[in-house]
Amino acid sequence: MLSKALLRLGASAARHPWRVIAAWLIAATLAVLAAIAFGGRTADSMTAPGLDSQRAAELIERAGTGQEGMTAQVVVTPLDGGATFFDHGSARTALTRLQTEVKRLPHVLGTSDPAGALDARGDTAVRGGLVSADGRIAVVRVQYPDQSRLSAEDLDALVDLGDRLRAEVPLRIEMGGNLFYAFSDPDGGASELIGILAAATILFLAFGSLVAAALPIGMAVFGLTIGVATMTVLAGVTDVPTFAPILGSMVGLGVGIDYALFVLARHREYLARGLDPHEAAGRAVATAGRPVVFAGVVVVVSILGLAVANVPFMTVGGLAVSIVVLTMVVASVTLLPAFLGAAGPRLARPGRIGRALQTGKLGLARRRNTVAGTAPAAGWRRWIGHVSRHPVLYAIGAAGLLLTATLPVLGLRVGLPDDGSMPLSRTERRAYDLVAEGFGPGTNGPLVIAADPAGDPRVLDRLVGAVAADPGIASVAPTHIDRATGIATLVVFPTTSPQDKATADTIARLRTGVLPTAIGHGPARAHVGGATASLSDVGQRTSQRLPVLVAAVLAMSFLLLMLVFRSILVPLKAVLLNLLSIGAAYGIMVTVFQWGWGGALIGLEATVPIVSFIPMFLFAILFGLSMDYEVFLLSRVREEYLRTGDNGTAIVEGISRTARIITSAALIMVAVFLSFAVAEDPSTKMFGLGLATAIFIDATVVRMVLVPATMTLLGRTNWWLPRWLDRMLPRGRVGTDADAESTGETPGPRLVDR
C-alpha cells in the first residue's frame, strides 16, 4: 500500500516539478517569516522535576531573594600588571563606575560590591569572593531574575557595556556566568557550510555529474531551512536548548543528503534501464523511498524516546531535532522527485568532467561500476566473497577490535564542561582563569544551599558550622535570611572546579551526611542548589535513565526489523552489532575528551568530562541512523535470497550491490559530522566526533565485515521464523520487492525455511 502511494506521489511530483518546487519555496518563505515574527531565541534550562537542586530553587523562589534567577559575573583587574586596587585611585574609581553602570542595565536586580569590600580590607571580603587576597582581582556578581523574564538582549546589553568600558577605563574586563551559557549563540554556522561543501564534493565524485551532485544538496538546504525555522518558532513557545539547532543541522544535513542519495541512485538505475524520467522517479520513490520513510520514522521514534529521561530540555531538544528529520523525509519523497523530473534524462549520464574522472587516471571507477549502474562493483564483490570464505576469522577479528575500542567506556565520567574548557579566545574562559587565579577554582561554581529552619534558629547555626567544616568547602558567604518566610540561603564555594569529580562528591556528601546531621529529625529541611548542583543532578538522572532508553529502543528496533525481514536472527544480529558500533564510538570519545588522545587535532585545549546528556542523545540518534544502512543493505540481501534461495549468493550479491552507495552515504555523513567537531564549544565537538566515529565504524567494520561474516556463519537460519509467529505478524515489505508490489511484477519465491 505504501509503495503504491509513494509511486503515485513520486510520479506526480516528477510530472509537475515546478508546482512542487514552488510549493516548497512558499513553505520555506512562510516558515522563515513565522520564525521572524513569532520565533524565540534558544535558551538552556538545566532543570528537571523531583531533583534536589529543583527543590532548592523552589525554596529560594519562595523566599524571593532573587538567587533563583540567572547570574553573570564581571571580572576585572588593572591593566597595569604591577598595580593593585589599594595603591591606585584610578583603578578604584574605574571599579566603582563599572559597578554603577552594571546596576543600571535592564532587568538587573543587584550586584555585589567589591568596591565597598575594599574599605573593609578584611577576611570577609576575601571569603565572600569579591576581592582577591592580593587586591588585584575583583568580581562584580550580577543578579538577574529567572530565565523566563530574560532574553538574549540582556546578554547583548552586558557585553556591549563591557566593550564600551574597555576603551574608557584602565581595567581588563572579562565576563562569564550562566547568562552567557543560556543565551550565547551556537557556533555551528561555519560548520554547516563546511559540511555542505564536503558533501557536494563527495557526491560529485560518486556521480560524476554536477547536476546529480546538486540535487541532494538543494533538497537538504530546503529541508534544513524549513526545519530550523520551525524550531525557531517552537523556541518562541518553550525553552529550546542551544544545542538543538546545531544538532538538528548536523543530523538534518546528514540524513537529508543520505536519503536523497539513495533515491537518486535508484532513479539513475531505472534511467539506465531505459525508463522515462517521470516513471523512473516514481519507481525510485516507491522502492528507495519506502526504506527512507521507514528509516526516518525509526530515527524520529528513537529521538522522541529521550522523553523517558524526564528532563524537559532533553525532551524539547529531541522534539526539535525530530522536526528536522521529518522535514527531510517529506522532502525526499516530494521535493526530490520534482527535482528529478525537472532534470530529465540528463541524470542518466555523467557530465564532461565526470567522464574524465571516471575514465582517466584519477578516476574512482569505470562507469559500469558507478552508483548509477545495476551491476555490483567487482572490487566489492571480491571483498565480500573473501570475507564470506573466512567468516570465523573476520567475525572474531572485527568483534575483538570493536570490543577493544569499547573498553574505555568503563572509565566514562559524565559532567558538564565548564568555561575552563573553552578556548582562550572566549571572554568566558579568560574570566574563569582570572577567578580561579584570584579565589580558587571552586569560586567558578558556587553552591547555593536553601534551608527552611521551621522556626528553629539553632538549625542555621549548626548548618553553617557543619558546611564550613566539610573538607570540600573552601568558604561560606554570609547567610541571607528572608524575614517573611524564614528561609535562609547560603552561598558556599567548593575547593574544586565545577567539572571536577570531587565537586560532585562534595555535593553528594552534603546531601547524604552533612545537611541531615545538622538539621536533625525535626521539620526543618535543606537542599543543595545552584547551577553546578543542577547540572550534576541532571547528569545523574540521565545516567540512571539511559538503560531504560536503551531497552526501549532495542525492543522497538527488533520488532520493526522482524516485521520487515520476517526473521528472528537478522534483527537480533542487527541490534547486537549496532550496540557494538555505538559502544566503540563511546570508547573513542572517552579517549579523546577524558584522556586527551588526539584532542589537539580538533582544537581541544583541555580534557573534559563527557557532557551528561550526550550519551543518551547519541544513542537515540545513532541507533536510528544505523537502521538506515541496515534496512538498505538487508533489503537487497533479502531480495537476492528471495530470487535465488541461496544464502551465500544473496550475501555477496546483495552487499556488493549496496556497498558503494552505503560507503558514499556514510562518507557524506562523516564529513558533515566532522565539520562540527572543530567548533569551539566542547559539547558540539562531542556531538560531531561521536556521530562521525559511530557512522564510520558502522558503515565499514560492521556493514562490510561483521554483517557478511555473521550472515555466512548463520546460513539459512538467517531467515528462520517460527510458523506460528509468522502467522501472527502483519505483512510488510521494504526495498526492491516493494517495487514488485507497486508495479505488479512477481517478487520471487516466498521464504520457506522457517
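This is a short talk on a four-stranded sheet, some salt bridges, a surface patch and one buried threonine in the model above.

Before the details, please keep in mind that the model is predicted.

I'll start with the sheet. It is open, has four strands in the order β2-β3-β1-β4, and its pairing is antiparallel. The two edge strands are β2, residues 110-111, and β4, residues 171-176, and each of them pairs on one side only. Strand β2 pairs with β3, residues 138-143, in the antiparallel sense, over two bridges. If you want a residue to look at there, take Thr111, whose bridge partner in β3 is Val142.

Two helices belong with this sheet in the talk. Helix α4 lies across β1, which is 71-78, and also across β2, β3 and β4. The direction of α4 is at about 10° to β3. Helix α7, residues 152-166, packs on the sheet too, touching β1 and β4. The angle between the directions of α7 and β4 is about 170°.

Staying with α4, I come to the salt bridges. The structure holds 25 of them. One joins the side chains of Glu101 and Arg97, at 3.0 Å from N to O. Both residues sit in α4, residues 89-103, four residues apart, which is about one turn of the helix. How do the two partners compare in exposure: buried or partly exposed? Glu101 counts as buried because its relative accessibility is 15%, under the 20% cut-off. Arg97 is at 31%, so Arg97 counts as partly exposed.

A second pair is in helix α11, residues 243-272. Arg266 and Glu269 meet in a salt bridge there, at 3.9 Å from N to O. They are three residues apart, so about one helical turn separates them. Here Arg266 is buried, with a relative accessible area of 13%, and Glu269 is buried as well, at 9%.

The third pair is Asp505 and Lys501, whose closest N and O atoms are 3.4 Å apart. Both are in helix α21, residues 501-519, four residues apart, again about one turn. Asp505 is partly exposed at 35% relative accessible area, and Lys501 is partly exposed at 47%.

Not every salt bridge I want to show is an isolated pair on a slide. Arg381, Glu640, Arg643, Glu653 and Arg657 are linked in a network of salt bridges.

Next, the surface. Ile26, Leu30, Val32, Leu33 and Ile36 form a nonpolar patch on it, and together they have about 490 Å² of accessible area. One of these, Ile36, is in helix α2, residues 17-38. Why is Ile36 classed as exposed? Its relative accessible area is 65%, and exposed means over 50%, so Ile36 qualifies.

Last, a residue at the other end of that scale. Thr532 is in helix α22, residues 531-565. With a relative accessible area of 10%, Thr532 is buried. Which residues does Thr532 touch, leaving aside those up to four places away in sequence? They are Gly445, Pro446, Leu447, Pro498, Thr503 and Ile507. For one more distance, take Ser497, which is 35 residues from Thr532 along the chain; their C-alpha atoms are separated by 9.5 Å.

That is what I have.

Conventions
Residues are numbered from 1 along each chain as its sequence is written. This is a predicted model: local features need pLDDT of at least 70, side-chain atom pairs count only at pLDDT 80 or more; totals for chains, interfaces and linings use all residues. Side-chain values use heavy atoms; hydrogens and water are left out. Patches are made of residues with over 30% relative accessible area and no salt bridge: like charges are joined within 9 Å, nonpolar side chains (Val, Leu, Ile, Met, Phe, Trp, Tyr) within 5 Å. Accessible areas come from the Shrake-Rupley method with a 1.4 Å probe; for residues, only the protein chains shown count as cover. Buried means under 20% relative accessible area, exposed over 50%, partly exposed in between (1.4 Å probe, protein chains only). Two strands pair if DSSP finds at least two bridges between them. Contact means heavy atoms within 4.5 Å. Axes are lines fitted to C-alpha atoms, for helices over the stretch in contact, and angles run from 0 to 180 degrees between N-to-C directions.
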